[in-house]
Amino acid sequence: MKKIAVNYKNSLICDEEFEYMAHLVSSSHKKLHQDVDKENSYLGWVNYPIQYSTNLLNKINSAASKIKKNSDAFIVIGIGGSYLGTRAGVSALKHSFFNMLPRARRQAPEIYYAGNNLSATYINHLLDVVKDKDISINVISKSGTTTETAVVFRIIKDLMKEKYSEDELKDRIFITTDKDSGALRTLASLEGFESFVIPSDIGGRFSILTPVGLLPMAVSGININEILKGAKDAFEEYNNDNLMENDCYRYAAIRNIMYNKGKYIEILANYEPSLHYLSEWWKQLFGESEGKDNKGIFPASVDLTTDLHSLGQYIQEGRRDIFETVIKIDDMKSDIVIQSDEENLDGLNYLASKKLSYINKMAMEGTNIAHLDGGCPNITIEVPRMNEYYFGNLIYFFEKACAISGILSGVNPFNQPGVEAYKKNMFALLGKKGFEDLKQKLNNRMNNNI
């Protein structure tokens with residue numbers, strides 16, 4: 001079976017640089033695997049693809065079948081790692097216009113996402129869409145008190161209480177949370193809602209291969225067994241400290257070489273709209289893992305060729321502190337052959353008999369060369385095909401690369417202390433606690449600026 005490969009011919013990196021990184025990568029590999037069993041290391045994701053329970057998988061598939069049977073719409077309520085992985089999977093693997101397909105073709109409920117913002121407009125529009133449908137929800141939060149998720153859960157739960165009896169709610173509300181504690185764990189116990197566990201040793205951005213991502217993806221009709229098989233094979237493939245034999249580690253090394261050369265921004269580029277949310281998930285994974293101690297590559301993304309008509313100029317001739325990582329899908333499952341036109345008013349007959357996927361790939365190759373000539377080095381992550389197996393494989397590829405890259409850069413890639421700062425201020429401004437302290441802090445800043 002073909003493997004995911006990293007093509008670095010346009011990276012401007014020489015063999016000597018890889019040789020220098022080899023022993024650093026090997027040391028980082030050993031540190032990562034030595035720390036797996038340490039308490040509070042948040043490294044449960046490393047071995048998860050070979051340790052998950054078959055009983056858990058059966059429970060997830062059973063719940064998904066129930067939801068598909070009794071629901072017209074399914075709402076995933078969560079933020080960050082609690083929903084981005086799911087959305088990445090559904091977007092990459094299902095129809096681009098999934099919710100608009102007839103139910104007979106979809107064979108699953110419409111899928112919506114909430115609890116990832118605090119916009120009243122968004123929530124009201126969502127309620128307009130689902131109010132006359134039979135709905136089920138999956139609320140996902142380890143603490144159960146994440147503001148965006150908790151607020152929206154309260155709103156949608158109130159709507160459901162108007163529509164359904166207490167017994168019916170037990171078949172429509174599914175909770176994914178901490179095993180032992182937290183508001184949602186308490187609620188699940190009190191109300192008898194079916195629940196799933198977010199492993200305590202896996203952080204949100206690394207949780208897509210747990211029930212956090214597996215249940216909603218199963219509801220969409222995705223074969224989660226194949227996703228985990230792909231992740232399991234990736235675990236075995238990338239459990240090797242030899243940089244020259246491990247493309248996952250090669251990607252991590254390239255990122256650090258680029259950073260040391262003053263390339264502080266990485267642009268993840270895709271040429272398939274279906275990969276947009278994979279890029280969003282990737283941005284959280286790397287941004288939250290590496291952006292610490294005034295260090296880290298800033299993760300950005302573009303959807304090409306679309307963004308060539310908006311950001312292409314900047315990438316070509318803007319500041320030269322960027323590099324590109326391009327995701328290339330080798331074998332497309334859908335294609336169109338361009339037909340000849342007798343009048344040829346658009347001048348496109350030179351493309352007649354060519355496949356659209358081929359034209360898209362030539363656009364990618366031409367762009368990579370142009371950007372390299374403009375001083376933006378690029379690498380390509382070549383994925384044989386976008387199916388469940390390779391999606392799981394690619395997710396683990398990025399997770400492992402992120403861990404090694406973070407260790408190489410000298411940060412702890414598994415915590416996120418900076419995320420709590422905005423929450424503290426928001427709570428204070430809303431009157432929860434500490435308002436007077438925050439008010440004094442703001443006044444002091446204003447006085448110092450006068």
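Helices (H or I, at least four residues) and strands (E, at least two) are taken as DSSP runs and numbered from the N terminus. The model is predicted, and accordingly local features need pLDDT of at least 70 and side-chain atom pairs count only at pLDDT 80 or more, whereas totals for chains, interfaces and linings use all residues. Residues are numbered from 1 along each chain as its sequence is written, and side-chain values use heavy atoms, with hydrogens and water left out.

Ser28 is situated in helix α1, which spans residues 15–34. With a relative accessibility of 5%, Ser28 is classed as buried (under 20% relative accessible area, with exposed over 50% and partly exposed in between; 1.4 Å probe, protein chains only). A polar atom of the Ser28 side chain lies 2.9 Å from the backbone oxygen of Leu24. When neighbours within four places in sequence are left aside, Ser28 is in contact (heavy atoms within 4.5 Å) with Ile404, Ile407 and Leu408.

An open sheet of mixed pairing (at least two DSSP bridges between two strands) is formed by five strands in the order β1-β10-β9-β7-β8. Strands β1 (5–7) and β8 (298–303) stand at its edges with a single partner strand each, so one side of each has no neighbour in the sheet. Within the sheet, β7 (residues 265–270) and β9 (residues 322–331) run parallel and are joined by six bridges, and Ala269 has Val326 in β9 as its bridge partner. Helix α12 (residues 247–260) packs on the sheet and touches β1, β7, β9 and β10 (378–385), while helix α15 (residues 356–373) lies across β9 and β10.

How values were computed:
Axes fitted to C-alpha atoms, helices over the stretch in contact; angles between N-to-C directions. Polar contact = N/O pair within 3.5 Å; in protein donor to acceptor, adjacent residues only side chain to side chain.
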